[in-house]
Amino acid sequence: AIGAVLVVFAVIAQWWLLAVIAVLVAGIWYSMAAWTVTVDVRGLRYRSVLGWPSGSVELTEIVEAGVTRVRPLREFGGWGIRMGANGRSGLVLRAGEALEIRTADGGATVVTVDDSAQAAGVLNALVVRYRLGAP
């Protein structure tokens, strides 16, 4: 809404640079507003509604998946795709329950998703299946 008001104001005042900046800021904000998170035989994938930014953790890299609680400001310095303390990174959109994936290199990826326990269970089952060589 603020972006639309800025664009209208800029057009009326003929401040074209302000209109362009408002459209760019609105586009960046929109790209971060909705995300798709997928857990499947490839591992974990997340991407914004526009396809960028995105990230992934390959199934071959996963040691274990679990559930954790995150506090975005304290642990990651804010919201979005973040780098946190102790080698943790991920997609942090809210405080509360999140999926945490520990990787073979000692790092961890955190993604705030609904029903993170189910996502962790599916990933752990896929990792066991992969290690056993099952199709």
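## Strand β6 and residue Val 57

In this predicted model, strand β6 is covered on both of its faces: Arg 88, Gly 90 and Val 92 are buried on one side, and Ser 89 and Leu 91 are buried on the other. In a regular strand, side chains alternate between the two faces of the sheet. Because five of the five residues of β6 (residues 88–92) are buried, the strand is largely enclosed by the rest of the structure.

Strand β6 pairs with two strands, β5 and β8. The pairings are set out below.

| Partner of β6 | Residues | Bridges | Direction | Residues opposite each other |
|---|---|---|---|---|
| β5 | 80–83 | Four | Antiparallel | Gly 80 and Val 92 |
| β8 | 108–111 | Four | Parallel | Val 110 and Gly 90 |

The connection between β5 and β6 is a hairpin with four residues between the strands. Within this turn, Asn 86 has a positive phi of about 60 degrees.

A second position to consider is Val 57, which lies in strand β3 (residues 54–58). Val 57 has a relative accessible area of 4%, under the 20% cut-off, and is therefore buried. Leaving aside neighbours within four places in sequence, the residues in contact with Val 57 are Arg 42, Gly 43, Leu 44, Ile 62, Ile 101, Thr 103 and Thr 109. For one of these contacts, Thr 109, the C-alpha atom is separated from that of Val 57 by 7.9 Å, although the two residues are 52 residues apart along the chain.

Terms used
Residues are numbered from 1 along each chain as its sequence is written. This is a predicted model: local features need pLDDT of at least 70, side-chain atom pairs count only at pLDDT 80 or more; totals for chains, interfaces and linings use all residues. Side-chain values use heavy atoms; hydrogens and water are left out. Buried means under 20% relative accessible area, exposed over 50%, partly exposed in between (1.4 Å probe, protein chains only). Two strands pair if DSSP finds at least two bridges between them. Contact means heavy atoms within 4.5 Å.
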